[in-house]
Amino acid sequence: MLDGRPIGAHLEAAGAAVLNCSTMAPRRDLPALREEIALLQREVAALRSAEATYREIVHRTNSIVLRWDPEGRVIFLNEFGQRFFGYTNEEVVGRSVLGLIVPDTESSGRDLVAMIHDLLRHPERYLSNENENMRRDGERVWITWRNTPIIDAEGRLVEILSSGIDTTDHKRAEDALRASEERFRQLSVRDDLTGLYNTRYLYQALDALIASSAAAGTSFSVLFIDLDHFKRVVDARGHLNGSRAIQEVAATIRSCLDPPAWAVAYAGDEFVVVLPGLARQAALDKAGEIRARIRETAYLAATGRTARLAASFGVATYPDDARDLEGLLALGDQALFSVKRSGRDGIAAAGRRRTSASTR
């Protein structure tokens, strides 16, 4: 189309001009002019047929065809696009795509107003683009767009021709797959019962922490925690309540920790806490805080019959006590065992005597 009229209209006008000129031409040129007119008429008919074919293709294609101007206003939307978005062509022509088929903000939080404005300023950056769109009823859908900028002879943007396909199902399947992969990844390093990290993660992360601490010349500590006489709770309240108590103790420990500290469900009623950047005394203080919080918490309150718990602690510090993973864990475990052997409900640092005793 040129100047808003079909190409055929321009060719007809050209043919009429030729006919008008024929009255002024010498009679000997009439046969040649008639032949030229006949040729132009055939070309017009061919162009009309091609135009009708192209219009039919555009309207019947199973993809969205959108034309919009440099201000972001719709010039044309094909029949498939009209059905897809829920509008007629008359309802969209002249309206901005923003707030019509493009929401202001994507569900992911991306600013689509800024994206559309940038696309209009720099269409060459968005020859292929995927973004969230919006139907008339408010349903969010994902469209993959192919955008072709139409430029005039002076290099100015005249319009953008966009074709889009609905990739909503594909996008949702990808999101579900990523969520599933993340879930499986978490399951591989998390304890099912408590949600704390598991021993697999402990060994991997401690190796990395030793390497980074060695490079930075910093310390860190590990706390070994074991609930005292926990078998009595299980025997008296059953395994189900025993598992609930473990979950609640894990929550108590987690509530005492701030990043980058983290905790591990080590084995049964045993836990390990990793304290990056904390030397021995700070680690002993943290152990004292967790010990006090466990002692003051009433567990299994939801059952109507509470349980009181206590715990023993062993502390080992890198690099003061050991410089390798195996040595550090062994010394922390030995410190814990020394507390258990001497009466429980206390804290001991590796190679040192028990630092706090039971008051019960």
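In the hairpin formed by strands S4 and S5 of this predicted model, five residues lie between the two strands, and Gly 155 adopts a positive phi near 85°. The two arms of the hairpin, S4 (residues 140-151) and S5, run antiparallel and are joined by nine bridges. One pairing to look for is that of Ile 143, whose bridge partner in S5 is Asp 166. Strand S5 (residues 157-166) also pairs with strand S1 (residues 64-68), again in the antiparallel sense, through five bridges. Here Val 65 can serve as a guide, with Ser 163 as its bridge partner in S5.

Helix H5 brings its buried residues to these strands. Leu 112, Met 115, Ile 116, Asp 118, Leu 119 and Leu 120 are buried in H5, and the buried residues of this helix pack against S1, S3, S4 and S5. At the N-terminal end of H5, Asp 111 acts as a cap: one of its side-chain oxygens lies 3.1 Å from the backbone nitrogen of Val 113.

Some of these elements also enclose empty space. The structure holds one cavity of 30 Å³ or more, and the space in the largest cavity comes to about 110 Å³. Its lining consists of 14 residues; Trp 68, Val 102, Ile 116, Asn 131 and Trp 145 are the ones that lie nearest the centre. At least two lining residues come from each of S1, helix H5 (112-121), strand S3 (128-134) and S4. Ile 116 thus appears twice in this account, as a buried residue of H5 and as part of the cavity lining.

A polar residue is worth a look as well. Asn 78 sits in the loop between strand S2 (74-77) and helix H3 (79-85). Asn 78 has a relative accessible area of 0%, and therefore counts as buried. From this position, the Asn 78 side chain reaches the backbone nitrogen of Gly 81 at 2.9 Å.

Attention can now turn to the nonpolar interior. The largest nonpolar core has 33 residues, and those touching the most other members are Leu 223, Ile 225, Ile 253, Phe 271, Val 273 and Ile 290. Two or more core residues are given by each of strands S6 (220-227), S7 (262-267), S8 (270-276), S9 (311-318) and S10 (347-349), and likewise by helices H8 (230-237), H9 (239-255) and H10 (280-296). A second core, separate from this one, has 23 residues, including Leu 77, Ile 101, Val 141 and Ile 160. In soluble globular proteins, nonpolar side chains tend to be buried together.

Val 273 gives a good view of the larger assembly. Leaving aside residues up to four places away in sequence, Val 273 touches Ser 221, Val 222, Leu 223, Ile 225, Ile 253, Leu 257, Trp 262, Ala 263 and Ile 290. Helix H9 also contains Thr 252, which at 8% relative accessibility falls under the 20% limit and so counts as buried. With the same sequence neighbours left out, up to four places away, Thr 252 touches Arg 293, Ile 294, Thr 297 and Tyr 299.

Over the whole protein, there are eleven helices and eleven strands. Of its 360 residues, 40% count as buried. Among contacts with a separation of 6 or more, 54% join residues 24 or more positions apart.

How values were computed. Residues numbered from 1 in each chain as written. Predicted model: local features only at pLDDT ≥ 70, side-chain atom pairs only at ≥ 80, totals over all residues. Heavy atoms only, no water. Core = buried A, V, L, I, M, F, W, Y, C linked by side-chain atoms within 4.5 Å. Buried < 20%, exposed > 50% of the residue type's maximum accessible area, 1.4 Å probe, protein only. Helix = DSSP H or I, 4+ residues; strand = E, 2+ residues; numbered from the N terminus. Contact = heavy atoms within 4.5 Å. Pairing = 2+ DSSP bridges. Polar contact = N/O pair within 3.5 Å; in protein donor to acceptor, adjacent residues only side chain to side chain. 1 Å grid on protein atoms, 1.4 Å probe; cavity = no way out; pocket = protein on both sides within 12 Å on 5 of 7 lines; lining within 4 Å. Points joined across faces, edges and corners; volume = space filled by probe spheres on them.
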